Amino acid sequence: MTIDNIIQWFQSWFPVNVMVLFITSVLIAAVVIFAIMAVNALVAVYAERKISAFMQDRVGPMGQGPGLHAGKWGLLQTIADTIKLILKEDIIPKAADKKLFIIAPFIIFLGAFIALAAMPFGPYLIASDMNIGIFYILAVSSFGVIGIILAAWSSDNKWSLYGGMRSAAQIISYEIPAALSLVSVLLLTSTLSMQGIIQSQAGTVWGFLPNWNIFNNPFSFLAFFIYFIAGVAETNRTPFDIPEAESELVAGFHTEYSGMRWAFFFLSEYGNMLVVCGLTVVAFLGGWQSPIAGVMEGAWWGLFWFLTKLTATIFIMIWFRWTFPRLRVDQLMNVAWKILLPIALFNLFGVAIWTLLVG
Amino acid sequence: MGLVHAEEMTLNIGPQHPSTHGVLRLKVKTDGEIISEITPVIGYLHRCFEKHCENLSYEQVIPFTDRCDYIAAMNNSFGYVLAVEKLMDIQVPERVEYIRVIMAEYNRIASHLLALGTFGLDVGAYTPFLYMFRDRERILDLFEITCGARLLYNYMWVGGVSHDLPLGFMEASYRFLDEFEKNINEYHNILSYNKIFIERSADVGIMPKDVAIDYGVTGPNLRGSGVKWDLRKDEPYSIYNRFKFDVPVGTGIMGSVGDCWDRYWVRAEEMQESIKIIRQALDKIPREGNVHEALPKKVRPPKGSIYFRTESPRGDLGYYIISDGTPTPLRVKMRSPAFTALSALSEIATGWMLSDVLVILGSLDIVLGEIDR
Amino acid sequence: MIINQKVSDILEVKFPGVVILPDEPHNDFIQIHPEKWKEIAKFIKTDSELKFDSCQCITGVDLGIEDGLEVRYNFHSMQLKHKIEIRIAVERKNPSIPSIEQVWRGANWLEREVYDMYGIRFKGHRDLRRMLLPDDWKGWPLRKDYKTPNIYNGMKIPKVRKGWD
């Protein structure tokens, strides 16, 4: 369902001004995407709590039923948390730059939010299948760093400033290996459209493996890992969580935020996870393609496969977070510039040769 | 090209900060991420321990010693009661000696578990912390069945201990030790040999041998720098000369001698040694005996003074006690090992990055209750 | 040979008249005059027979209003594995003593703590500030003649009780 479909559908029923129709359709899509983000956050936060609890020999949020005990198995915990966050007092520090302080969380949120507009959840489920889809996502998802820097600067807190500086350096560094490994995918698919990339991954390779980009050739196999590591770094999660390193920077760039504004940081962190993992799935794991070619395909199966792959990659991110310590800022830069970037460049070259000779 | 003028920023780490292990304030000058000057400011937890002691009788001081190093309360009161006993020339029954050693070593394990766990937290690893707390919890359970308290025990008395070992303590102990020994490997797998953890702690915050000795740093921090000095071995007090155990020292396996990883490793190895000691003590302990047998009617040491050192989990814990023949001490001074360890911080942590400073601080394993007293 | 006898013999050769022999010979301490303390400290740290390389503890003592103040140092040798206690008496009015902060770096904080509690000035200490108490605290709390103030910075200080009332 792209926005164009919605417009056409409306036009056949209400022949009114095209502009009005366009705005209505965009709003509908926006609400749906927001709902996806919110549900993702609800589920992912619960999953993160439970998974971390099981990894740490705990039980996590538990309850005896609806009511004050956060529901059966703590299922209502995130909802209770959300209500708490909404009801909390909105504190703006006296010394803060008020305008920037207020706007910063929304800018971070916006980055993840508009990136989802080009995310294909199924063969027909995409808000807008642009011909530059992957390029668009890369561009707008780096938008968030502006929000982080604004938040850090406007808080007028030294820890926040540290967090902002680290975050800017980190995200800018990791964009490069991430983009380079995506470019190597583009060499294979020769299209920038998200649906196009997925469609090009249909079929099998060597007869039994699905023809996903990760299995296409050894270089793209490596590119998957580079992209995923860089993606974890872009979402500011452990082992790359230095911008909000709790034991060092208290809470980094969102030290001074509370209540709903803080919730927006939280929401966009999980939104960013969704974008990064979604992009991984689309570019390397065949998007909504079924793992066994020709079996269980179709619109709803597509949605199912996409969400399954998405969940698996998000699980890996959560797994990382609860097993690894944190890197230091210079080691982080070393990983980006001295390890990932050369390998990514080499990979790009390798994929190019491969496509020339084999593909 | 004009010159770029960079200003140094003064940053207050603490008193309210997640990884200062209490209410410690570090006034640091930073040049970007690099720390160029560190001034620790302490005293936020000062509770006038030494002034209190001058107004209380000898027995009443024991709960205060518990509260100084609340992570290793058994060891702290152990040192105090040994000092008073030496001053009064009291011989305690065999069974009491063994019980005290068992308790002190259990508390050493509990304290090291907390030290390693929070060190992991400082590096950013959450999960090992909870694994270690799982085992620490079981030691606290053992303490609880023995004396009813889980953190501050008031267990060691002058001339005895407050309660005899309860029924089932021995079985529970053996069971715990068997399982705990296996768990140590789990910690090594998740934390000690983790590549990122090694990167963060090896070759960081190196404390050379001579610096450590010059500052009077003792305990695992000194042994991490490669000095084989353990009061339990070199100046055996109580009945430590009856047990066979090794003194692990830092050898710089992952980096250089005296780095954070070595200090971490020494603590991990010491837990193994403590297990050995507890095992031997459990095997040899006299099955019968009255733990209140040697309790003096009145704790009134003769005139004199004593400086008595014991090996607490943090290092040489010294008590300087001066008695003037009255039921209240004239002076009780506590030589706190964490105090001297912290005084070396600015020497070994200057020039490192902000993240490293907190890792180095974590590796020193300070307890602010003991520093500020 | 008892260590205090050994140390006092060695010191007597190098610094004649500085050692006041203890009246309890079995104890492992010696009492010395404060004048040449820093030179003595340097000597006992480096002398091949003593090598007290670790300054373990510095204790301020108030023996009572009539008796006066004392500073007691506990040294330890990591190489020779022996230890000694050195006592230096100081007068109550305007007490001062040479600092050994530049001899053992660990003495820095330990001396600051004694200064904090007893007001004993360590001559030559480069950073003699209060250690545990707030910088604006008045008086030296561990002296026997200390009177607890009633008010500190506008806050009322509860009365000290003797024992358990």
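User: How do you know that S3(C) and strand S4 of chain C pair, and in which sense, parallel or antiparallel?

Analyst: This is a predicted model, and in it S3(C) and S4(C), residues 69-76, are joined over 8 bridges in the antiparallel sense. Two strands count as paired once there are at least two bridges between them, so S3(C) and S4(C), with 8 bridges, qualify. As one of these partnerships, C:Ser54 is bridged to C:His76 of S4(C).

User: What makes S1 and S3 of chain C edge strands?

Analyst: Start with the sheet: 5 strands of chain C line up as S1-S2-S5-S4-S3 in an open sheet with mixed pairing. Strand S1 (19-20) and strand S3 (54-62) each have a single partner strand, so one side of each lacks a neighbour in the sheet.

User: Which strands does H1(C) touch where it packs on the sheet?

Analyst: H1(C) touches S1, strand S2 (29-32) and strand S5 (83-90) of chain C. The direction of H1(C) makes about 30° with that of S2(C).

User: Why is H1(C) called oblique to H2(C)?

Analyst: Two packed helices are described by the angle between their axes and the distance between the axes. Helix H1 (residues 3-14) and helix H2 (residues 37-46) of chain C pack at about 125°, with axes 12 Å apart. Roughly perpendicular covers 65 to 115 degrees and roughly antiparallel needs over 145, so about 125° fits neither and H1(C) is oblique to H2(C). The crossing is right-handed.

User: Which residues make that contact, and what classes are they?

Analyst: H1(C) brings C:Ile10, C:Leu11 and C:Lys14, while H2(C) brings C:Ile40, C:Phe43 and C:Ile44. By class that gives 5 nonpolar, no polar and 1 charged residues. Lys counts as charged, so C:Lys14 is the charged one.

User: What makes H1(A) oblique to H2(A)?

Analyst: In chain A, the axes of helix H1 (residues 3-13) and helix H2 (residues 18-55) cross at roughly 130° and come within 9 Å. Over 145 degrees would be roughly antiparallel, so roughly 130° makes H1(A) oblique to H2(A). H1(A) passes H2(A) in a right-handed crossing.

User: Which residues of H1(A) meet H2(A)?

Analyst: From H1(A) come A:Ile3, A:Ile6, A:Ile7, A:Phe10 and A:Gln11, and the residues they meet in H2(A) include A:Leu21, A:Phe22 and A:Ser25. Sorted by class, this contact has 10 nonpolar, 2 polar and no charged residues.

User: How many helices and strands does chain C have, and what share of its residues is buried?

Analyst: Chain C has 3 helices and 9 strands. Of its 165 residues, 54% count as buried, with under 20% relative accessible area as the cut-off.

Terms used:
Residues numbered from 1 in each chain as written. Chains lettered and ligands numbered in written order. Predicted model: local features only at pLDDT ≥ 70, side-chain atom pairs only at ≥ 80, totals over all residues. Heavy atoms only, no water. Axes fitted to C-alpha atoms, helices over the stretch in contact; angles between N-to-C directions. Helix = DSSP H or I, 4+ residues; strand = E, 2+ residues; numbered from the N terminus. Parallel < 35°, antiparallel > 145°, perpendicular 65-115°, else oblique. Left-handed = near helix turned anticlockwise from the far one by under 90°. Contact = heavy atoms within 4.5 Å. Buried < 20%, exposed > 50% of the residue type's maximum accessible area, 1.4 Å probe, protein only.
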